[in-house]
Amino acid sequence: MECTRCGACCVAPDIAALDKPLGMRCPHLTADNLCSVYDRRPQVCRSYEPDEVCQLIEAPTLEERVQKYLALFGLTGEAEATRQAGCASMRRARGGA
Ligand code: SF4
Ligand code: SF4
């Protein structure tokens, strides 16, 4: 499976190592969907491999791909609540400190 650099995996999932909440753009993702900290990105990003999910979420826009990703994992409601709260921290979104 080839990575199309669509950016969805840097937006849709929550990423503990970055304290990045569900459905919110990683602050390190540039406007053209590249990683601005590529050489020092966390291990979780280094280990991420494109898989069948990348195909399942194919759509014309990044926002649509993100929505399909969230729906695939049953996370649409949780991501929407986080977005509405404008919560920039995964730990706070989950009710932690
Ligand atoms: S979702 Fe898949 S295709 Fe898109 S950037 Fe991530 S690994 Fe690449
Ligand atoms: S650090 Fe880079 S690779 Fe990791 S989620 Fe952010 S933009 Fe994507």
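Author: Let us start with helices and strands, which are DSSP runs (H or I, at least four residues, for helices; E, at least two, for strands), numbered from the N terminus. With that in hand, Arg65 can be placed in helix H3. The model is predicted: local features need pLDDT of at least 70, side-chain atom pairs count only at pLDDT 80 or more, and totals for chains, interfaces and linings use all residues. Residues are numbered from 1 along each chain as its sequence is written, chains are lettered from A and ligands numbered from 1 in the order in which they are written, and side-chain values use heavy atoms, with hydrogens and water left out.

Reader: Then confidence comes first for me: what is the mean pLDDT of the protein?

Author: pLDDT is the predictor's confidence in each residue, from 0 to 100. Here the protein has a mean of 94, with 98% of its residues at 70 or more. Among its elements, H3 has the highest mean pLDDT, 98, while helix H5 (residues 90-93) has the lowest, 86.

Reader: Back to Arg65, please. Is Arg65 buried or exposed?

Author: The scale is simple: buried is under 20% relative accessible area, exposed is over 50%, and partly exposed is in between (1.4 Å probe, protein chains only). Arg65 is buried, yet has no salt bridge. A salt bridge needs a side-chain nitrogen of Lys or Arg within 4 Å of a carboxyl oxygen of Asp or Glu. For Arg65, the nearest side chain of opposite charge is Glu64, 7.2 Å away; in this count Lys and Arg are positive, Asp and Glu are negative, and His and the chain ends are left out.

Reader: Which residues does Arg65 touch?

Author: Contact means heavy atoms within 4.5 Å. Setting aside residues up to four places away in sequence, Arg65 touches Cys6, Ala8, Ile57, Glu58, Ala59 and Pro60. Glu58 sits in the loop between helix H2 (52-56) and H3. Apart from neighbours within four places in sequence, Glu58 is in contact with Arg65 and Lys68. For a sense of scale, the C-alpha atoms of Glu58 and Leu22 are separated by 19 Å, and the two residues are 36 residues apart along the chain.

Reader: Now the ion pairs: how many salt bridges does the structure hold?

Author: There are 3 salt bridges. One joins Arg94 and Asp14, whose closest N and O atoms are 2.6 Å apart. Arg94 lies in the segment after H5 and Asp14 in the segment before H1, so this pair ties together parts 80 residues apart in sequence. Arg94 is exposed, at 54% relative accessible area, whereas Asp14 is partly exposed at 23%.

Reader: What about Arg91: with which residue does Arg91 form a salt bridge?

Author: Its partner is Asp19, with the closest N and O atoms 3.6 Å apart. Arg91 belongs to helix H5 and Asp19 to the segment before H1, so the pair connects parts 72 residues apart in sequence. Arg91 is partly exposed at 46% relative accessibility, while Asp19 is buried, at 17%.

Reader: And where do Glu63 and Arg83, which meet in a salt bridge, lie in the chain?

Author: Their N to O distance is 3.1 Å. The pair links distant parts of the chain, with Glu63 in helix H3 and Arg83 in helix H4 (residues 76-85), 20 residues apart. Glu63 is partly exposed at 40% relative accessibility, and Arg83 is partly exposed too, at 27%.

Reader: Let me turn to the backbone. What is the phi of Arg5?

Author: Arg5 has a positive phi of about 55°, although it is not a glycine. Arg5 lies in the segment before helix H1 (43-47) and is exposed, at 61% relative accessibility. Asp19, which we met as the partner of Arg91, is not a glycine and has a positive phi of about 55°.

Reader: Last, the surface: which residues form a nonpolar patch?

Author: A patch gathers residues with over 30% relative accessible area and no salt bridge, joining like charges within 9 Å and nonpolar side chains (Val, Leu, Ile, Met, Phe, Trp, Tyr) within 5 Å. Here Leu56, Leu72 and Phe73 form one, with about 290 Å² of accessible area together. Such areas come from the Shrake-Rupley method with a 1.4 Å probe; for residues, only the protein chains shown count as cover. Leu72 is in helix H3 (residues 62-72) and is partly exposed, at 41% relative accessibility. Gly74 lies in the loop between H3 and H4 and is exposed at 63%. The C-alpha atoms of Gly74 and Pro21 are 15 Å apart, with their positions 53 residues apart along the chain.
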